[in-house]
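Ready for a few warm-up exercises? Have a look at the model below, then work through the tasks and check yourself against the solutions.

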Amino acid sequence: MTNIVLPSTAITGPPTGYRPANFTDAVRAEWTKIRTVRSTLWTLLVAVVLAVGLGALISALAANGYAQGRGNIRTSWDPTGVSMSGLTFAQLAIAVLAIIFITSEYSSRAIGTSLTAVPRRSRFLAAKAVVIGGICLVFTEILSFVAFFVGQALISGHAPTANLSQPNVLRAMIGGGLYAVLLGLISLSLGAMLRNAAGAIAVIVALLFVLPVVAAALPSSIEHTVEEWWPTQAGGQVTNVIRGSHTLSPWEGFAVMCAFTAILLAGAFAAINRRDA
Amino acid sequence: MPEAAVRPSGGQKIEARHLTKRYGATVAVNDLSFDVNPGMVTGFIGPNGAGKTTTMRLILGLDRPTEGQVTIGGKRYSDLPAPMHEVGALLDAKAVHPSRSAYNHLLSLAQSNHIPTRRVHDVLGQVGLESVAGRKVGSFSLGMGQRLGIAAALLGDPPVLMFDEPVNGLDPEGIVWIRGFMRHLAGEGRTVFVSSHLMSEMALTADHLIVIGQGKVLRDEGVTEFVDSSSQRRVLVRSPKLAELSGALVAAGASVQPGTDDSIEVMGLDSRAIGDLAFAQGLPLHELATQGASLEDAFMEMTHDSVEYRGNEVAQ
């Protein structure tokens with residue numbers, strides 16, 4: 001075992017001055033926490049592979065299909081959408097990162113230590129929200145642009161390409177990062193409320209992939225309403241260049257998802273403040 | 001720029017008033033009132049399940065009391081502007097993300113309370129963990145985990161320190177170290193509140209004892225008073241005239257129990273009083289021996305009725 005050192009630092013002289021801890025301190029601590037665990041690196045790596053790798057693969061295949069004039073691919077050709085199709089799956093990795101960021105506090109029981117250091121629980125959760133929101137924005141924004149340029153490079157020569165000066169393309173790119181911020185906050189909120197990674201991931205998968213498919217089985221009048229207003233579907237419109245039928249406009253849809261996020265965040269703050277740690 | 005708070009030169013008092021915590025129908029802590037004073041080690045002792053950890057969680061605001069309140073230097077923990085500068089706590093040594101290194105764990109805690117990074121190095125040295133600072137906490141033994149928890153508690157150099165069962169998992173060397181360490185901290189004028197389920201441990205470390213059982217305070221007194229009042233000194237007396245002697249002792253206010261072969265056990269009078277009495281009555285004594293009941297016995301007797309989980313006695 002390590003050597004035994006008897007403490008020799010007596011409190012002598014004047015007591016050290018210190019200032020009250022503030023929100024910035026809590027954010028700095030949360031940033032240290034997320035960058036010092038291996039799982040962060042892994043989830044982000046998975047996101048890169050899905051967004052850029054899968055995006056490149058789909059771009060190459062679609063461009064090839066276009067060149068051969070397969071099906072009706074030419075009538076609905078959306079080079080931006082094609083190059084960014086890997087992001088749909090990368091979002092899930094980002095959601096998992098946000099969920100683990102809070103649920104690992106509970107599974108490792110570190111929450112007791114964390115809330116002893118930052119007993120103002122709203123400050124604690126808000127600091128996590130700022131850190132995960134920031135990571136989602138910056139990281140997904142970079143992913144979007146990389147996936148876009150890689151995709152366009154692979155499409156080039158086989159099919160028409162997109163560029164940032166075309167209508168809605170830049171908005172769709174920026175929208176990818178904004179959508180990821182909301183998804184990260186939704187995931188964090190679910191993690192805070194359920195305190196269990198498996199449960200929260202199941203809910204996110206249902207939100208993103210299962211319920212929209214279930215909706216498709218509904219009678220068309222209901223189906224269209226669900227397609228329009230389902231929060232993650234509505235929010236996703238901001239990442240599209242071409243507006244589909246039965247969809248809200250990009251910013252209307254984004255506002256719907258913002259409202260949904262706000263409700264879940266409010267629930268998470270209420271839960272963490274009310275419950276015993 | 002927020003005004004700088006200055007640490008009070010001495011320790012701070014922990015004051016619990018009518019603390020009650022119920023989980024559904026289970027009462028974990030029942031109407032606890034006590035003070036923990038600076039400049040001494042206060043032992044918080046009771047059998048497992050007596051409510052020690054719950055009480056400490058209530059002090060730190062991790063759990064909310066059903067009734068009553070507890071303050072540190074007159075403030076609730078959650079209202080402290082810089083909690084780690086004011087209270088250091090080790091509650092659960094394994095309450096750390098296992099894949100984070102010891103250094104990064106302490107760094108994030110330091111940052112949350114605006115504690116300079118050099119303090120991380122200081123406390124790692126103080127608990128003897130600097131050589132494993134870069135290792136993942138998940139690979140630590142329980143004893144190393146306890147040291148890391150103590151390091152975290154010391155980060156803000158706080159005047160109040162709370163340790164929940166700090167001796168658990170430490171090797172003998174570590175146990176000696178932490179005893180000396182707690183005495184040292186109290187000697188500096190800090191408030192040191194430490195829980196244990198081992199009376200022998202507390203007898204060596206604490207100045208003052210708060211004994212709880214089934215969520216209630218059973219005793220709240222100095223270690224010396226506790227020893228004097230509870231060690232129920234029995235005196236073994238042997239005499240050829242036991243019957244007469246017993247009568248005289250009972251008349252003098254002692255209680256007498258028959259012992260093995262021609263002896264009695266006397267409680268309520270010490271050996272000097274018994275010897276004088278026998279001499280005055282002209283009764284011969286063949287043996288007069290004080291049987292010092294151990295502190296552990298006293299503690300067991302006191303908490304016997306309040307032990308929540310007890311193994312059945314082994315049938316002979």
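A residue is called buried if 20 or more other C-beta atoms lie within 10 Å of its own, exposed if 12 or fewer, and partly exposed in between. Keep in mind that this is a predicted model.

**Exercise 1.** Find where Asp31(B) sits, and work out its exposure class.

Solution. Start with the place: Asp31(B) belongs to strand 3 (residues 26-36) of chain B. Next, count neighbours: Asp31(B) has 15 C-beta neighbours inside 10 Å, so it counts as partly exposed. Now look at the backbone: phi of Asp31(B) is near 55°, a positive value in a residue other than glycine. Most residues other than glycine have a negative phi.

**Exercise 2.** Do the same for Arg109(A).

Solution. Arg109(A) is found in the loop between helix 4 (87-107) and helix 5 (110-117) of chain A. Its phi is positive too, near 65°. Because Arg109(A) has 16 C-beta neighbours inside 10 Å, it counts as partly exposed.

**Exercise 3.** Describe how helix 1 of chain A packs against helix 3 of chain B.

Solution. First, the geometry: the axes of helix 1 (residues 23-35) of chain A and helix 3 (residues 102-112) of chain B come within 7 Å and cross at roughly 165°. That angle is over 145, so the two helices are roughly antiparallel. The crossing of helix 1 of chain A and helix 3 of chain B is left-handed. Then, the residues: among those meeting here are Ala26(A) and Ala29(A) from helix 1 of chain A, and Leu107(B) and Ser108(B) from helix 3 of chain B. Sorted by type, the residues of this contact are three nonpolar, five polar and three charged.

Terms used
Residues are numbered from 1 along each chain as its sequence is written. Chains are lettered from A and ligands numbered from 1 in the order in which they are written. This is a predicted model: local features need pLDDT of at least 70, side-chain atom pairs count only at pLDDT 80 or more; totals for chains, interfaces and linings use all residues. Axes are lines fitted to C-alpha atoms, for helices over the stretch in contact, and angles run from 0 to 180 degrees between N-to-C directions. Helices (H or I, at least four residues) and strands (E, at least two) are DSSP runs, numbered from the N terminus. Angles under 35 degrees count as roughly parallel, over 145 as roughly antiparallel, 65 to 115 as roughly perpendicular and the rest as oblique. A crossing is left-handed if the near helix is turned anticlockwise from the far one by less than a right angle, and right-handed if clockwise. Two residues are in contact if their C-beta atoms, placed from the backbone, lie within 7 Å. Ala, Val, Leu, Ile, Met, Phe, Trp, Tyr, Cys and Pro count as nonpolar, Asp, Glu, Lys and Arg as charged, and the others, Gly among them, as polar.
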